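The following note is offered to a first-year reader who wishes to go through this structure point by point. Please keep the sequence and the structure in view while reading.

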Amino acid sequence: MMHAIELFCVVFLCLCAAAWASTNRQPCQSPSMTSGTLSVSSTGGHDIAEGEFNYDSTAKKLRFVENESHSNKTSHMDVLIHFEEGVLYEIDSKNESCKKQTLKYRRHPMELPSDAHYESEAYLGSSSKSEQGLRVRTWNGKLPDLHANYTMLTTSCGCLTVSCCYHSEKTDLTFSFMNVETEVDDAQVFVPPTYCDGVALEDTLDDHSFFDLFHD
């Protein structure tokens, strides 16, 4: 009887330790390079933008080029962001023109924030059928400077962002990541075109962020 009680106590303590480790999981780190398709929509179901992204998590540089065939817009987004430098380039390759702005707020959905709170782990699809499910982790957190909060899904293995739901006083957005690769074909996408040289840097508000690029 005593051995049974001791065994029960050991098992119970192990389960408690596993549960504690799960609920106190630290935010994972994104691969050094990622690329793929980014789709942005409002919570009302309106498609806002879709295009190709390239992200360098080491140098903190992002390029997003909207797909011109995705909508009937007269202009399409092409932005290059150097987060560490706090600079955003709006690029018009057709007219070879460039706009350069400060971007002091550095959070974005391509990378899990270091203070994100772990919620749970689950399968999208089936866990029992081969290649018919994806194991993901759910994280959430707040962005006080933007009066916003977010929920992010990352892959359990590799820490690739699957989706991000962003809610603020100004807007509600959903970011979906598809066909993601852990490489960037051409690192030149992170270099501003030569016609951006000499362009004056426009100062913006402290809370100007990546999320402000997307609106209905």
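1. A residue is called buried when its relative accessible area is under 20%, and exposed when that area is over 50%. By this rule Pro 113 is buried, because its relative accessible area is 7%. Pro 113 is found in the loop that runs between strand E6 (97–102) and strand E7 (117–125). Leaving out residues up to four places away in sequence, Pro 113 touches Pro 27, Arg 107, Tyr 150 and Met 152. A further relation links Pro 113 with Cys 28: the two are 85 residues apart in sequence, yet their C-alpha atoms are 8.9 Å apart in space.

2. The reader should bear in mind that the model is predicted. The average pLDDT of the protein chain is 87, and 86% of the residues score at least 70. Residues 1–22 call for caution, since pLDDT stays under 50 over this stretch. For residues 1–22 the model has one contact beyond four places in sequence.

3. How many helices and strands does the protein chain contain? There are one helix and twelve strands. Read along the sequence, the helix comes before the strands, as the pattern α-β-β-β-β-β-β-β-β-β-β-β-β shows. Of the 216 residues in the protein chain, 41% are buried. Among contacts with a separation of 6 or more, 49% join residues that are 24 or more positions apart.

4. Asp 78 deserves a separate paragraph. Asp 78 lies in strand E4, which covers residues 78–82. Is Asp 78 buried or exposed? With a relative accessible area of 12%, Asp 78 falls under the 20% limit and is therefore buried. The side chain of Asp 78 makes a polar contact of 2.7 Å with the side chain of Arg 63. Apart from neighbours within four places in sequence, Asp 78 is in contact with Arg 63, Phe 64, Val 65, Tyr 89, Glu 90 and Ile 91.

5. Thr 174 may be read in a similar way. Thr 174 has its place in strand E11 (residues 172–181). Thr 174 counts as buried because its relative accessibility is 19%, and the limit for a buried residue is under 20%. Residues up to four places away in sequence set aside, Thr 174 touches Ser 39, Val 40, Ser 41, Thr 43, Cys 164 and Cys 165.

6. Two residues with positive phi values should be checked. Phi of His 147 is near 55°, a positive value in a residue other than glycine. His 147 sits in the loop between strand E8 (133–143) and E9, and His 147 is exposed because its relative accessible area is 55%. Phi of Cys 159, which is also not a glycine, is positive and near 60°. Cys 159 sits in the loop between E9 and E10. Its relative accessible area is 4%, so Cys 159 is buried.

7. The next topic is enclosed space. Rolling a probe the size of a water molecule over the atoms shows where empty space is left. A search of the whole structure finds two cavities of 30 Å³ or more. The largest cavity holds about 70 Å³ of space. Its lining includes Cys 159, together with Ser 30, Pro 31, Thr 34, Phe 53, Met 110, Leu 160, Thr 161, Phe 177 and Val 180. By class, this lining has seven nonpolar, three polar and no charged residues.

8. The second largest cavity holds about 50 Å³ of space. Pro 113 belongs to the lining of the second largest cavity, as do Arg 107, His 108, Pro 109, Leu 143, Tyr 150, Met 152, Cys 164, Tyr 166 and Phe 211. Strand E9 (148–155) and strand E10 (161–168) each supply at least two residues of this lining. Eight residues of the lining are nonpolar, one is polar and one is charged.

9. The last point concerns an open space. About 220 Å³ lies in the second largest pocket. Which residues line the second largest pocket? The lining consists of Tyr 55, Lys 60, Phe 83, Glu 84, Arg 106, Arg 107, His 108, Glu 111, Leu 112, Pro 113 and Ser 114. By class, four of these residues are nonpolar, two are polar and five are charged. Pro 113, with which this note began, is thus part of the lining of the second largest pocket and of the second largest cavity.

Conventions:
Residues numbered from 1 in each chain as written. Predicted model: local features only at pLDDT ≥ 70, side-chain atom pairs only at ≥ 80, totals over all residues. Heavy atoms only, no water. 1 Å grid on protein atoms, 1.4 Å probe; cavity = no way out; pocket = protein on both sides within 12 Å on 5 of 7 lines; lining within 4 Å. Points joined across faces, edges and corners; volume = space filled by probe spheres on them. Nonpolar A, V, L, I, M, F, W, Y, C, P; charged D, E, K, R; others polar. pLDDT = per-residue confidence, 0-100. Contact = heavy atoms within 4.5 Å. Helix = DSSP H or I, 4+ residues; strand = E, 2+ residues; numbered from the N terminus. Buried < 20%, exposed > 50% of the residue type's maximum accessible area, 1.4 Å probe, protein only. Polar contact = N/O pair within 3.5 Å; in protein donor to acceptor, adjacent residues only side chain to side chain.
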